[in-house]
Amino acid sequence: MDKVTMIIPAYNAEKTIEKCLDSVLNQTYSNLEILIIDDGSSDRTAEIVNKYSKQDSRINLYQQQNAGV
């Protein structure tokens, strides 16, 4: 099975990131690498993703300063 990398951009996504990650993790294809790119969120997005990454090693959080469009 080939590894699939999912790249999920996030900016102030605390209201939706859990639903997004739950959806991805409930897929039947399990050979995944999940990259969350946090574009300078000022809410709890990074905290939530960190909680998920501790439970599932396929999830990686990358944070950067807000780069705009």
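1. Two residues are taken to be in contact when heavy atoms of theirs lie within 4.5 Å. This sense of contact applies to the packing described in the points below. The structure under review is a predicted model.

2. Overall architecture. The protein chain contains two helices and three strands, and their order along the sequence is β-α-β-α-β. With a radius of gyration of 12 Å, close to the 11 Å that the globule rule gives for 69 residues, the chain is as compact as a globular protein of that length. Along the principal axes, the C-alpha atoms fill a box of roughly 35 × 20 × 15 Å.

3. Burial, surface and contacts of the whole chain. Of the 69 residues, 29% are buried. The exposed surface of the protein chain amounts to about 4800 Å², and carbon and sulfur atoms supply 47% of this area. When contacts between residues at least 6 apart in sequence are considered, 80% of them join residues at least 24 apart.

4. Charge. The protein chain carries 7 positive and 10 negative side chains. The centres of these two sets lie 5 Å apart.

5. Helix α1. The buried residues of this helix are I17, L21 and V24. Seen down the axis of α1, they fall within an arc of 60°, so they line one face of the helix. These buried residues pack against β1, β2, α2 and β3.

6. Helix α2, buried side. Helix α2 spans residues 45-55, and its buried residues are T45, A46, I48, V49 and Y52. They cover an arc of only 160° around the axis, which puts them on the same side of α2. The elements that cover them include β1 (4-10), α1 (17-25), β2 (32-39) and β3 (59-64). Helix α1 thus appears among the cover of α2, just as α2 is one of the elements against which the buried residues of α1 pack.

7. Helix α2, opposite side. The face turned away from the buried side carries the exposed residues E47, K54 and Q55. K54, a residue of helix α2, has a relative accessible area of 75% and is therefore exposed, the threshold being over 50%. From C-alpha to C-alpha, K54 and I34 are 13 Å apart in space, and they are 20 residues apart in sequence.

8. I34 in strand β2. I34 belongs to strand β2. Because its relative accessible area is 0%, and buried means under 20%, I34 is buried. Setting aside neighbours within four places in sequence, I34 is in contact with M6, I8, L21, V24, L25, R58, I59 and N60. Two of these partners, L21 and V24, are listed among the buried residues of α1. The C-alpha atoms of I34 and V49 are 11 Å apart, with a separation of 15 residues in sequence; V49 is one of the buried residues of α2.

9. A10 in strand β1. A10 is located in strand β1 and, at 5% relative accessibility, counts as buried. Apart from neighbours within four places in sequence, A10 is in contact with I17, I36, I37, D38, D39, S41 and T45. Among these partners, I17 is a buried residue of α1, and T45 is a buried residue of α2. A10 and D22, by contrast, are 15 Å apart from C-alpha to C-alpha, although 12 residues apart in sequence.

10. N12 in the loop between β1 and α1. N12 is found in the loop that joins β1 and α1. The phi angle of N12 is near 45°, a positive value in a residue other than glycine. A reviewer may wish to note this backbone angle. N12 counts as partly exposed, with a relative accessibility of 31%.

11. D43 in the loop between β2 and α2. D43 is found in the loop between β2 and α2. The relative accessible area of D43 is 23%, which makes this residue partly exposed. Not counting residues up to four places away in sequence, D43 touches N12, A13 and E14. The contact with N12 connects D43 to the residue of positive phi. D43 and E18 are 25 residues apart in sequence, and their C-alpha atoms are 14 Å apart in space.

Definitions and conventions:
Residues numbered from 1 in each chain as written. Predicted model: local features only at pLDDT ≥ 70, side-chain atom pairs only at ≥ 80, totals over all residues. Heavy atoms only, no water. Helix = DSSP H or I, 4+ residues; strand = E, 2+ residues; numbered from the N terminus. Rg over C-alpha atoms; globule rule 2.2 N^0.38 Å. Buried < 20%, exposed > 50% of the residue type's maximum accessible area, 1.4 Å probe, protein only. Areas by Shrake-Rupley, 256 points an atom, 1.4 Å probe, with all protein chains shown as cover. Lys, Arg positive; Asp, Glu negative; His and termini not counted. Charge placed at Lys NZ, Arg CZ, Asp CG, Glu CD. Arc of directions from axis to C-beta.
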